[in-house]
Structures are given as C-alpha cells and as structure tokens.
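Trainee: I'm new to this one, and I'd like to understand the words people use for it. Can we go through them together?

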Amino acid sequence: MQEHKLIIMRHAKSDGSEENRSDFDRPLTTRGRKAAKSMGKWLKKNQYSMDRIICSPALRAKQTCQLVLKKLGITENNVLWEAKIYESSLKNLLSLVNQYSKGAHTLFIIGHNPGLDQLLCYLSRDPPRLSSSDKLLTSAAVAVLDYGNAAITTKPHQAYLQYLIRPKEL
C-alpha cells in the first residue's frame, strides 16, 4: 500500500525592492532562484512523485514552482494555480488540503507564510524545529508530512514530520 504525504513548500526568496511593484508581483532574487533549484534537486533525489500540485499564482510562488518542477521533470500543465493560497489563513489552507487531497497519495503545496507555518504546526504530531534564526519555514523550505497508510487528513497532529529541510541545510 502506498504511503500518503503532504509536502509543503514556502516560496523562495523574493525581491521587494521595487516600490512600484505590488506584493503579488514580486519576483525571485538570484538567491531565491538558486534555492528553488536546490530544493527541486533534493525532492528529486528523495523520489517524491507528486499526484497533485497546488500553488499560489503570486509571481514568487509561481517562479519557485516552475524551477522545482523543471528539476523534477514535471510539466507546468500538472499545476493547479489556486488563488486562495495567497494570503491564506490556516482555516482556508485546511479547506484546500481537504479539497485537493481526495484521491491523492502525495499532495504538494507551494505558498506563503504565515499560513504555511501555521498549517505545518497544526498537522505535525511533534513541534517542528526552528532554524538558527528562530524561523520555521524559511524561504524555499520544504516540509514533508507523512500519514503512512492513512489518507491525508486535516485533523490536528496526525502526521509525522518526516523532513523539514531548508536551503542552507543542503
């Protein structure tokens, strides 16, 4: 029987220096592009096959997704661009997980904080460890929640946090 996993990824480092750009339209920095590619390589090395991919359509999340998928050899046609991920609350993210996890063994979500931090803490059995800078999901970080043979659920503290990988740790 195939295991069920929820993979959560925060978008990579974005550029907020241009005053005339909206938050939604902020692109990745050079560092962000490099980190997204590194995380894509890590996901490929660990052989995660994504049944369903949902991503915020904000530019920085979209670019992160595109760079990761390129490393995984997955086409962008497989992505569901979900506007509700942008600036989403925990409640809305839980609703999206419920909606998109049905029939999926591995659901991959790419989005934003603080919602993704809240989602990770809510679903994980054990409190996730903070980075050296006291952050949870740093830019481009990936968390892999393992549900074993049970279906992905949004009940609190049901998933084992298999990995929490940050680009600086690779």
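Mentor: Sure. Let's begin with a cut-off: a residue is called buried when its relative accessible area is under 20%, and exposed when that area is over 50%. And keep in mind that this is a predicted model.

Trainee: Then why is C55 called buried?

Mentor: C55 has 0% relative accessibility. The cut-off for buried is under 20%, so C55 counts as buried.

Trainee: What about C65, buried or exposed?

Mentor: C65 has a relative accessible area of 1%, and the limit is under 20%, so C65 is buried as well.

Trainee: How do you know that C55 and C65 don't form a bond?

Mentor: Look at the sulfurs. The sulfur of C55 has its closest cysteine sulfur in C65, 4.2 Å away. A disulfide needs the two sulfur atoms within 2.5 Å, so 4.2 Å is too far for a bond. Searching the whole structure turns up zero disulfides.

Trainee: Why is R60 called buried?

Mentor: Its value is 5%, and buried means under 20%, so R60 qualifies. R60 sits in helix 2, residues 59–72. Leaving aside neighbours within four places in sequence, R60 is in contact with H11, S14, D23, F24, R26, L28, Y86 and H112.

Trainee: And what makes K168 exposed?

Mentor: K168 has 80% relative accessibility. Exposed means over 50%, so K168 counts as exposed. You'll find K168 in the segment after strand 6 (160–165). From K168 to Q99 is 33 Å, C-alpha to C-alpha, with their positions 69 residues apart in sequence.

Trainee: Which residues have the most contacts inside the largest nonpolar core?

Mentor: That core has 26 residues, and the ones with the most contacts inside it are I7, M9, L43, M50, F108 and V142. Strand 1 (4–10), helix 1 (30–45), strand 2 (52–55), helix 2, strand 4 (106–111) and strand 5 (142–148) each give two or more residues. Helix 2 gives the most, with six.

Trainee: What does V142 touch?

Mentor: Not counting residues up to four places away in sequence, V142 touches I7, I8, M9, M39, W42, L43, Y163, L164 and I165. There's also a second, separate core of 25 residues, which includes I85, L136, L137 and L145.

Trainee: Which residues lie nearest the centre of the largest pocket?

Mentor: R31, T138, S139, P167 and K168, out of 22 that line the pocket. Its volume is about 600 Å³. Helix 1 gives the most to the lining, with five residues. By type, the lining divides into three nonpolar, 10 polar and nine charged residues.

Trainee: What makes Q47 and E87 worth a look?

Mentor: Their phi angles. Q47 has a positive phi of about 55° although it is not a glycine, and E87, also other than glycine, has a positive phi near 55°. Q47 lies in the loop between helix 1 and strand 2, while E87 is in the loop between strand 3 (79–81) and helix 3 (90–101).

Trainee: Are those two buried or exposed?

Mentor: Set them against over 50%. Q47 is at 70%, so Q47 counts as exposed. E87 is at 65%, so E87 counts as exposed too.

Trainee: Where is the cis peptide bond?

Mentor: It joins N113 and P114, with omega about 10°. P114 is in the loop between strand 4 and helix 4 (115–123).

Conventions: Residues numbered from 1 in each chain as written. Predicted model: local features only at pLDDT ≥ 70, side-chain atom pairs only at ≥ 80, totals over all residues. Heavy atoms only, no water. Helix = DSSP H or I, 4+ residues; strand = E, 2+ residues; numbered from the N terminus. Buried < 20%, exposed > 50% of the residue type's maximum accessible area, 1.4 Å probe, protein only. Contact = heavy atoms within 4.5 Å. Core = buried A, V, L, I, M, F, W, Y, C linked by side-chain atoms within 4.5 Å. 1 Å grid on protein atoms, 1.4 Å probe; cavity = no way out; pocket = protein on both sides within 12 Å on 5 of 7 lines; lining within 4 Å. Points joined across faces, edges and corners; volume = space filled by probe spheres on them. Nonpolar A, V, L, I, M, F, W, Y, C, P; charged D, E, K, R; others polar.
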